[in-house]
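Got the viewer open? Let's take a walk through this one, selection by selection.

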Amino acid sequence: VQLQASGGGLVQPGGSLRLACTASGITFSRFLMGWYRQAPGKQRELVASITSGGTTDYAESMKGRFTISRDNAENTVYLQMNSLKPEDTAVYYCNGKRVLASVTLADYWGQGTQVTVSS
């Protein structure tokens, strides 16, 4: 199983980035996919998630700025980040969970991609 994240980089405040995470070795369409982030000295936090049916959920501070989407044909989940702020600087991780009847049967993490928001 591999979750390959890409798209991070350096961007100025107010700018945009689009992260992508391509999965292999799993039945992608059955997985709950999410993006998490971890800033230096802080705990990892959920940014956004999307169910196999396309229902999305966002952390409060990301609502209206970030959009998560998925392409099951391409086994890829995206995170469009707009109006970026310096406090969005973190390593962003892709996560995939197989959940059945509220039981997590599988839980996989990507390698992380660095997002730096700075002028």
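Start by selecting Y36. This is a predicted model, and in it Y36 is buried, at a relative accessible area of 17%, which puts it under the 20% cut-off. Now add W109 to the selection. W109 is partly exposed, with a relative accessible area of 36%. The two rings form an edge-to-face aromatic pair, with 4.9 Å from centre to centre and 65 degrees between the planes. Colour by strand and you'll find Y36 in β4 and W109 in β10, so this pair ties together parts that are 73 residues apart in sequence.

How many aromatic pairs are there to look for? The count comes to two. For the other, pick F31 and Y108. Their ring centres are 6.1 Å apart and the planes are at 25 degrees, so this pair is stacked; planes under 30 degrees apart count that way. F31 sits in the loop between β3 and β4, while Y108 belongs to strand β10 (residues 103-109), so parts 77 residues apart in sequence are tied together here. Burial splits this pair too: F31 is buried at 6% relative accessible area, whereas Y108 is partly exposed at 29%.

While you have rings on screen, show two arginines as sticks. R18 has its charged end over the ring of Y78, 3.9 Å from the ring centre. R70 does likewise with F28, its charged end 4.6 Å from the centre of that ring.

Next stop, the core. In soluble globular proteins, nonpolar side chains tend to be buried together. Here the largest nonpolar core has 31 residues, and W35, V77, L79, M81 and Y92 are the ones with the most contacts inside it. Strands that each supply at least two residues of this core include β1 (2-6), β4 (32-38), β5 (45-50) and β9 (90-100). Which strand gives the most to this core? That's β3, with four residues.

Click on Y92 and expand to its contacts. Setting aside residues up to four places away in sequence, Y92 touches, among others, L19, W35, Y36, V47, F66 and T113. You've met Y36 already, and T113 is a good place to go now.

Select T113, in strand β11. Is T113 buried or exposed? It is buried, with a relative accessible area of 10%. Leaving out neighbours within four places in sequence, its contacts are A5, S6, G7, G8, L19, A90, V91 and Y92. Zoom in on G8: its backbone nitrogen lies 3.2 Å from a polar atom of the T113 side chain.

Now swing over to β7. In a regular strand the side chains alternate between the two faces of the sheet. You can see that in β7, where F66, I68 and R70 are on the covered face and T67, S69 and D71 on the uncovered one. R70 is the arginine that sits over the ring of F28. Turn on β8 as well: the two strands run antiparallel and are joined by six bridges. Across from T67 you'll find Q80 of β8. Follow the chain round the hairpin, which has four residues between the strands, and stop at N75, where phi is positive, near 55 degrees.

From there, carry on past β8 to N82, in the loop between β8 and β9. N82 counts as partly exposed, at 30% relative accessibility. Measure from its C-alpha to that of T67 and you should get 8.5 Å, for residues 15 apart in sequence. Beyond its neighbours within four places in sequence, N82 is in contact with G15, S16, R65 and F66. S16 deserves a click, as its side chain makes a polar contact of 2.9 Å with the side chain of N82.

Two backbone spots to finish. S83 is in the loop between β8 and β9, and its phi is near 50 degrees, a positive value in a residue other than glycine. S83 is partly exposed, with a relative accessible area of 42%. For A101, go to the loop between β9 and β10. Phi of A101 is also positive, near 50 degrees, but A101 counts as exposed, at 70% relative accessibility.

Methods: Residues numbered from 1 in each chain as written. Predicted model: local features only at pLDDT ≥ 70, side-chain atom pairs only at ≥ 80, totals over all residues. Heavy atoms only, no water. Core = buried A, V, L, I, M, F, W, Y, C linked by side-chain atoms within 4.5 Å. Buried < 20%, exposed > 50% of the residue type's maximum accessible area, 1.4 Å probe, protein only. Contact = heavy atoms within 4.5 Å. Phe/Tyr/Trp six-rings, centres within 6.5 Å; stacked < 30°, edge-to-face > 60°. Lys NZ or Arg CZ within 6 Å of the ring centre and 35° of its normal. Polar contact = N/O pair within 3.5 Å; in protein donor to acceptor, adjacent residues only side chain to side chain. Pairing = 2+ DSSP bridges.
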